[in-house]
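Colleague: Could you take a close look at one part of this model for me? I would like to hear about the cysteines, and then how they sit within the rest of the chain.

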Amino acid sequence: VRALDNLLARIEEAERDLEQAQARLEGLLPLRVVWKKKTCGNDKCRCTRGALHGPYPYLVEHRDGKKHEHYLGKGWSPPEGMIQPERFRRLMGEFKARRERLERLMQRLDRVVEMMWGWK
């Protein structure tokens, strides 16, 4: 009985951890934005001699196996809730790990219940 109570407590803890990890992910906008220095295209400009303009923000998307960059404008600033892709991947990894832990604990509970049915 004590082992079952311990398992149930661990399941409750894992459920809370999963909810917290999910809450950290909600509302986040994982956009891939890179800042690049570019030439302007004017042959007489200093940028043709290495003094590039910028850096300017570009949204990077991958569609149909190709990389597409979209200029966001000089005055662009990140929208509220936007995070760096690396941080989003880390948070998503934490969420997945917590979900897998909960699934393992639930499987253990299923085995315990099956064993208890066999004791009758």
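Modeller: Happy to help; I will begin with the cysteines and then move outward to the backbone and the whole chain.

Please keep in mind that this is a predicted model. It contains 0 disulfides. Take C45 to begin with: the nearest cysteine sulfur belongs to C47 and is 3.7 Å away, and C45 takes part in no disulfide. A disulfide here needs two cysteine sulfur atoms within 2.5 Å, so a pair at 3.7 Å does not count. C45 is also buried, because its relative accessibility is 14% and the cut-off for buried is under 20%.

C47 tells a similar story. Its nearest cysteine sulfur is that of C40, at 3.6 Å, and C47 is likewise in no disulfide. With a relative accessible area of 2%, C47 counts as buried too.

Now for the backbone around strand 2, which spans residues 53-63. P55 is found in this strand, and the peptide bond leading into P55 from G54 is cis, with an omega near 15 degrees. Just past strand 2 there is another backbone feature to look at: D64 lies in the loop between strand 2 and strand 3, the latter covering 66-71. D64 is not a glycine, yet its phi is positive, at about 55 degrees. Both features are worth pointing out because most peptide bonds are trans and most residues other than glycine have a negative phi. Unlike the two buried cysteines, D64 is exposed, with a relative accessible area of 79%.

Stepping back to the chain, there are 2 helices and 3 strands, and from the N terminus the order is α-β-β-β-α. The overall dimensions may interest you. The radius of gyration is 25 Å, whereas a compact globule of 120 residues would be near 14 Å. Along the principal axes, the C-alpha atoms fill a box of roughly 90 × 30 × 20 Å. Buried residues, C45 and C47 among them, make up 22% of the 120 residues.

Among contacts with a separation of 6 or more, 56% join residues that are 24 or more positions apart. As for the surface, the chain exposes about 9,400 Å², with carbon and sulfur atoms supplying 51% of that area. Finally, if you are thinking about charges, the chain carries 26 positive and 18 negative ones, and their mean positions are 10 Å apart.

Key. Residues numbered from 1 in each chain as written. Predicted model: local features only at pLDDT ≥ 70, side-chain atom pairs only at ≥ 80, totals over all residues. Heavy atoms only, no water. Buried < 20%, exposed > 50% of the residue type's maximum accessible area, 1.4 Å probe, protein only. Helix = DSSP H or I, 4+ residues; strand = E, 2+ residues; numbered from the N terminus. Rg over C-alpha atoms; globule rule 2.2 N^0.38 Å. Contact = heavy atoms within 4.5 Å. Areas by Shrake-Rupley, 256 points an atom, 1.4 Å probe, with all protein chains shown as cover. Lys, Arg positive; Asp, Glu negative; His and termini not counted. Charge placed at Lys NZ, Arg CZ, Asp CG, Glu CD.
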